Amino acid sequence: MKNKIVVFGYNHLSFNAISRLDQQQQEIVVVETDSTLIALAEEKGFNTKALDFRSDENLKSIGIGQDIDIIFCFLPNDSENVFLTLSARAIDTKLEIIAVVESPQASEKLIAAGANKIINPYQICGQKIYELIKKPCMTHIMDHTVFGRHDLHIAEIIIPEDSPLDNTYSSELMLNEKQNLVILGIVDKELGDDFLFILGEKDHKLDTGDIIVVLGPSREINAFKKDISHV
Amino acid sequence: MLTRIIVYFAYFLKRNKHHTKTKQFFYNLLENSESKMKSYFDAFMICLVMLSVFFLVYSVEHTLNEASEWLEQFVIFIFITEYLLRGWLYSDTHRMIIKEYEKADYLNIKFSLFKTFKKIVGKKLRYIFSFFAIIDLLAILPSYRPLRILRVLLIFRLFKLFRYSNSIKIFSDVLVSKQFELITLAIFMGFLVFISSIAIYLFENISVGGHIRHLYDAFYWSIVTISTVGYGDITPQTTGGRLVTVTLILAGLGVLSFFTSIIVAAFNDKMDSLRDNRTYDELSRYKRHIIICGFGRVGQEVAKQLKKDKLAFIIIDQDKNKIIAAKHEQYLAIQDDASINSVLINAGINTGATAILCTTGSDVANVYITLTSRYLNPTINIISRANRKDSEKKLYQAGANNVIQPFETAGLLAAGFIGQPAAFEAIRGILHGQKNISMDTLIVSPNSLLDKLKIDNLDLEKRKLTLIGVISSNKKHLKHRNSYQVKNQHFYFNPEKYFELQEQDILVVLGRKYSIDYFQDQIKQSSLGL
């Protein structure tokens with residue numbers, strides 16, 4: 001099933017985000033009012049729509065409240081993003097809303113308006129610079145491997161129904177020996193929706209629907225996915 | 001003949017290394033404010049001045065013994081030597097002779113020794129009449145026996161302190177910068193005092209029933225009145241005298257307020273550079289620090305993190321409001337353009353700075369700062385922010401070690417969140433060190449418990465750590481699978497059980513901060529072989 005995504009606002013951030021997304025698995029529409037930006041987006045081969053986000057009718061017309069799963073609020077102003085988040089949340093309570101924030105104070109407002117995830121590019125950048133100073137080695141590894149340039153990914157794997165992993169324990173996985181994958185953490189549905197790192201402190205019982213987060217080459221990840229769905 | 005000898009001698013001095021070296025030494029000792037020697041010398045001179053003034057005060061009520069006389073002689077000797085050395089350093093006589101000689105030679109005119117001599121003397125006279133030289137001289141003169149009457153001038157030795165203390169020097173600089181205003185005021189005041197002295201002398205002379213005995217009394221009264229001090233030991237008795245007094249008091253108020261405003265304005269002008277100087281002073285106390293150019297949102301975030309880690313840093317930004325915000329957070333900050341060489345040099349790019357962060361919002365500025373920094377210091381670590389993809393390459397060309405694109409990373413995270421929110425959380429957790437969990441590196445020190453250890457025996461489970469991989473430049477490991485080239489090293493992901501660690505390998509582990517720290521301490525301890 002394809003995810004339907006609407007991206008509001010076309011800029012560096014939206015471009016980067018869209019190009020990271022798998023175009024095959026997602027249906028992406030860029031909404032923008034500026035005609036020059038629309039032209040730019042079309043040049044890159046994205047589907048675009050010239051719409052004013054301020055009217056609820058317009059939002060409904062592109063499918064919010066019906067079949068849209070996710071929206072990105074990447075408008076240039078915090079106030080616009082808050083407005084959009086608020087309008088979208090009012091139309092669809094289950095919608096996944098990811099918003100960018102310019103000034104740190106606005107992130108609370110966005111959460112209050114109903115955004116699921118806040119992205120602060122400046123904070124992330126600042127953090128990264130700090131990492132580079134503190135742990136240069138570490139950051140290079142992450143950059144070169146996980147962040148794309150080599151085939152090493154962080155992936156999450158949902159335990160399907162009737163999987164051999166159902167009712168086993170996380171300590172029994174031994175992924176690093178059997179599958180050449182390193183397990184980072186788990187979302188144990190019995191304990192809530194939070195992501196928990198696995199550090200050998202606590203043994204988690206795995207059930208259908210739990211999510212395992214692993215690090216490894218994509219071939220191994222796919223192999224592992226196949227293995228666990230097999231009965 | 002004499003001319004030729006002198007010119008020859010001048011060339012001899014120019015070539016003489018010993019002479020140049022000696023002069024350089026004394027320059028460092030006396031004038032070069034960046035040399036360590038000068039600060040020791042200044043401290044020594046301050047002590048000397050204080051000591052000699054102490055003896056002066058002591059001698060008012062006591063007689064001095066022989067030792068203190070000797071000390072006085074010693075002080076004078078030092079003072080005279082210093083005075084002469086400064087005079088010597090003030091200008092290079094032999095260079096002036098050579099210059100004049102070569103000029104004459106080039107223009108094919110006769111070299112005039114007399115004219116050159118006049119120039120040299122002129123230059124030296126300028127030294128003699130400079131403010132500090134006069135004070136130096138006044139500090140020496142009273143020791144000459146026939147001039148003992150000027151003993152009170154020994155107090156000028158205290159003025160010598162001006163030379164050796166920076167803050168007093170700044171004060172005198174402030175006064176000098178307002179020379180014109182102060183001289184105008186002084187002339188005006190001089191007139192005022194002159195007129196009022198004459199007037200009060202005429203009105204209040206003892207012969208007409210007043211208290212003024214002579215012109216000196218009149219002068220003294222004028223000064224006391226104009227400064228609005230008004231002791232009242234001499235008071236006007238006649239109507240004329242009182243009129244003069246009223247006028248003088250009013251004029252005095254004007255003069256005083258004018259004087260105050262000049263000084264205040266001068267200090268206001270100087271205040272910024274004074275503050276900057278203090279910032280630089282504070283900075284020089286750190287041995288290692290980081291320079292942050294641009295205190296925008298990225299700069300603020302970095303500063304916050306560095307502060308948390310108690311790392312020293314200095315912020316340079318052109319925007320006044322941002323500097324105020326930085327100072328509000330008690331950060332060291334300079335309001336200036338970070339692409340100017342002198343600003344970066346003052347910020348310590350060659351003296352203690354370990355990294356430069358270009359975090360301004362403009363890629364143009366970042367490239368320029370990067371280029372300037374790389375030019376000033378070829379080895380420093382430069383991390384720069386790029387807002388556009390095309391700037392990344394330019395920044396690397398300009399000499400940046402690392403380039404970060406805020407929107408790329410943010411876009412990656414945004415995309416990662418879709419479909420894989422748990423993985424997103426994992427990346428975020430690792431990146432931001434949430435819940436005390438972080439990914440960190442452990443270096444295998446030689447002869448430590450890790451050296452030549454097989455991965456299987458690491459016992460990571462007990463230590464509650466997850467091994468992600470090993471970074472190494474050791475060729476021994478190349479046969480292992482899952483190696484990824486990273487810069488000039490290899491990263492071995494999820495190494496096999498029989499992977500044997502070598503010294504200088506780097507373990508990449510995920511775990512809670514204290515588990516990592518504890519393990520690190522163990523490694524360090526074991527490498528000491530105790």
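These are my notebook entries on two chains of a predicted model.

**Entry 1: chain A.** I looked up the secondary structure of chain A and found 9 helices and 10 strands. I then turned to burial: of the 231 residues in chain A, 45% are buried. Next I examined sequence separation in the contacts of chain A. Among contacts between residues at least 6 apart in sequence, 57% join residues at least 24 apart.

**Entry 2: the interface of chains A and B.** I asked how many residues of each chain are in contact with the other. The record of contacts I compiled gives 60 residues of chain B and 52 residues of chain A. I then looked for the element of chain B that gives the most to the side touching chain A; helix α18 (residues 406-417) does so, with 11 residues. Sorted by class, that side of chain B holds 34 nonpolar, 15 polar and 11 charged residues.

**Entry 3: helices α2 and α3 of chain B.** I took up helix α2 (residues 17-30) and helix α3 (residues 36-61) of chain B, whose axes come within 6 Å and cross at roughly 60°. Because of that crossing, I entered α2(B) as oblique to α3(B). I next listed the residues that meet. On the α2(B) side I noted B:Asn28, B:Leu29 and B:Leu30, and on the α3(B) side B:Met37, B:Lys38 and B:Phe41. By class, I recorded 4 nonpolar, 1 polar and 1 charged residues in this helix contact.

Notes. Residues are numbered from 1 along each chain as its sequence is written. Chains are lettered from A and ligands numbered from 1 in the order in which they are written. This is a predicted model: local features need pLDDT of at least 70, side-chain atom pairs count only at pLDDT 80 or more; totals for chains, interfaces and linings use all residues. Two residues are in contact if their C-beta atoms, placed from the backbone, lie within 7 Å. Helices (H or I, at least four residues) and strands (E, at least two) are DSSP runs, numbered from the N terminus. Ala, Val, Leu, Ile, Met, Phe, Trp, Tyr, Cys and Pro count as nonpolar, Asp, Glu, Lys and Arg as charged, and the others, Gly among them, as polar. A residue is buried if 20 or more other C-beta atoms lie within 10 Å of its own, exposed if 12 or fewer, and partly exposed in between; C-beta atoms are placed from the backbone. Axes are lines fitted to C-alpha atoms, for helices over the stretch in contact, and angles run from 0 to 180 degrees between N-to-C directions. Angles under 35 degrees count as roughly parallel, over 145 as roughly antiparallel, 65 to 115 as roughly perpendicular and the rest as oblique.
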